[in-house]
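User: I would like to understand how the terms used for a protein structure follow from computed values. Please show me the structure, and then let us examine the reasoning step by step.

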Amino acid sequence: MALVLVLTGVAVVATVVMLVRDESPPGDPYFLLLGLLLVVLLVQAVVGLVALAGTEADVDGPTFVAYLLTAVLVVPVGAALALVERSRWGTLVLLVALLTVAAMQVRLDSLWAGAGA
């Protein structure tokens, strides 16, 4: 979880800088960061599903799985929308997607800890 939050934080800072400068998403370095974030989210989803299958803990399984899979989908959808709408609005959509991933990570942690649904 910490790696996801760090990568998301770096991407959020870069996205806010783009918004302030009124830039559309830059090129390869930025999307490489998003790709790395996506790979980490995919690994987290696989590890989370395996851990859920092998745990005796009281975890709300359907909600946990929904958060895992949705977190994986949010980044590419946000990036695609930012590429299609190459204006401040597209960059803002990408920022919202990244903040959504961060919020979902916090929620995943609380679900796993048994803090309730």
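Analyst: Let us begin with one term: two residues are in contact when heavy atoms of theirs lie within 4.5 Å. Please note that the model shown here is predicted.

User: Which residues is Leu 37 in contact with, leaving aside its neighbours within four places in sequence?

Analyst: With those neighbours set aside, Leu 37 touches Val 4, Leu 7, Thr 8, Val 75 and Leu 98. Leu 37 is also among the residues with the most contacts inside the largest nonpolar core, together with Leu 34, Leu 41, Leu 94 and Leu 98.

User: Which helices supply residues of this core, and from where does its largest share come?

Analyst: The core has 25 residues, and α1, α2, α3 and α4 each supply at least two of them. Its largest share, 7 residues, comes from α2. Another core lies apart from it and has 6 residues, including Leu 52, Val 59, Phe 64 and Leu 68.

User: What makes Thr 91 a buried residue?

Analyst: A residue is called buried when its relative accessible area is under 20%. Thr 91 has 0% relative accessibility, so Thr 91 counts as buried. Thr 91 is part of helix α4. Its C-alpha atom is separated by 7.9 Å from that of Glu 23, although the two are 68 residues apart along the chain.

User: How do you know whether Val 46 is buried or exposed?

Analyst: The term exposed requires a value over 50%. Val 46 has a relative accessible area of 53%, and therefore it is exposed. This residue belongs to helix α2. From Val 46 to Leu 69 the C-alpha distance is 9.6 Å, with their positions 23 residues apart in sequence.

User: What is the relative accessible area of Gln 105, and which residues is it in contact with?

Analyst: The value for Gln 105 is 1%, which is under 20%, so Gln 105 is buried. Gln 105 is placed in helix α4. Leaving aside neighbours within four places in sequence, its contacts are Met 1, Val 4, Leu 5, Leu 41, Gln 44 and Ala 71.

User: Why is the pair of Asp 22 and Arg 88 called a salt bridge?

Analyst: The rule asks for a side-chain nitrogen of Lys or Arg within 4 Å of a carboxyl oxygen of Asp or Glu. The distance from N to O in this pair is 3.5 Å, and 3.5 Å lies within the 4 Å limit, so the pair qualifies. Asp 22 lies in the loop between α1 and α2 while Arg 88 lies in helix α4, so the salt bridge ties together parts that are 66 residues apart in sequence. By this rule the count comes to 1 salt bridge.

User: What makes Asp 22 and Arg 88 partly exposed?

Analyst: Partly exposed residues fall between the limits of 20% and 50%. Asp 22 has 49% relative accessibility and Arg 88 has 41%. Both values lie between the limits, so both residues are called partly exposed.

User: How many aromatic pairs does a search of the whole structure find?

Analyst: The search finds 2 aromatic pairs. In one of them, the ring centres of Tyr 30 and Phe 31 are 5.6 Å apart, which is within the limit of 6.5 Å, and the planes stand at 85°, which is over 60, so this pair is edge-to-face. Tyr 30 is buried at 6%, whereas Phe 31 is partly exposed at 23%.

User: Why is the pair of Phe 64 and Trp 112 called tilted?

Analyst: Its centres are 5.2 Å apart and its planes differ by 40°. An angle of 40° is neither under 30 nor over 60, so the pair is tilted. Phe 64 lies in helix α3 and Trp 112 in helix α4, and so the pair links parts that are 48 residues apart in sequence. Phe 64 counts as buried at 6% relative accessibility, while Trp 112 is partly exposed at 34%.

User: How do you know that the span of α4 is close to the expected one?

Analyst: Helix α4 has 26 residues and reaches 38 Å from its first C-alpha to its last, and the expected span is 38 Å. Helix α3, with 24 residues, reaches 35 Å, close to the expected 34 Å. The buried residues of α3, among them Phe 64, Ala 71 and Val 75, pack against α2 and α4.

Note on methods: Residues are numbered from 1 along each chain as its sequence is written. This is a predicted model: local features need pLDDT of at least 70, side-chain atom pairs count only at pLDDT 80 or more; totals for chains, interfaces and linings use all residues. Side-chain values use heavy atoms; hydrogens and water are left out. Helices (H or I, at least four residues) and strands (E, at least two) are DSSP runs, numbered from the N terminus. The expected span of a helix is 1.5 Å times one less than its number of residues. Buried means under 20% relative accessible area, exposed over 50%, partly exposed in between (1.4 Å probe, protein chains only). Rings of Phe, Tyr and Trp (its six-membered ring) pair if their centres lie within 6.5 Å; planes under 30 degrees apart count as stacked, over 60 as edge-to-face and the rest as tilted. A nonpolar core is a set of buried Ala, Val, Leu, Ile, Met, Phe, Trp, Tyr and Cys residues joined through side-chain atoms within 4.5 Å.
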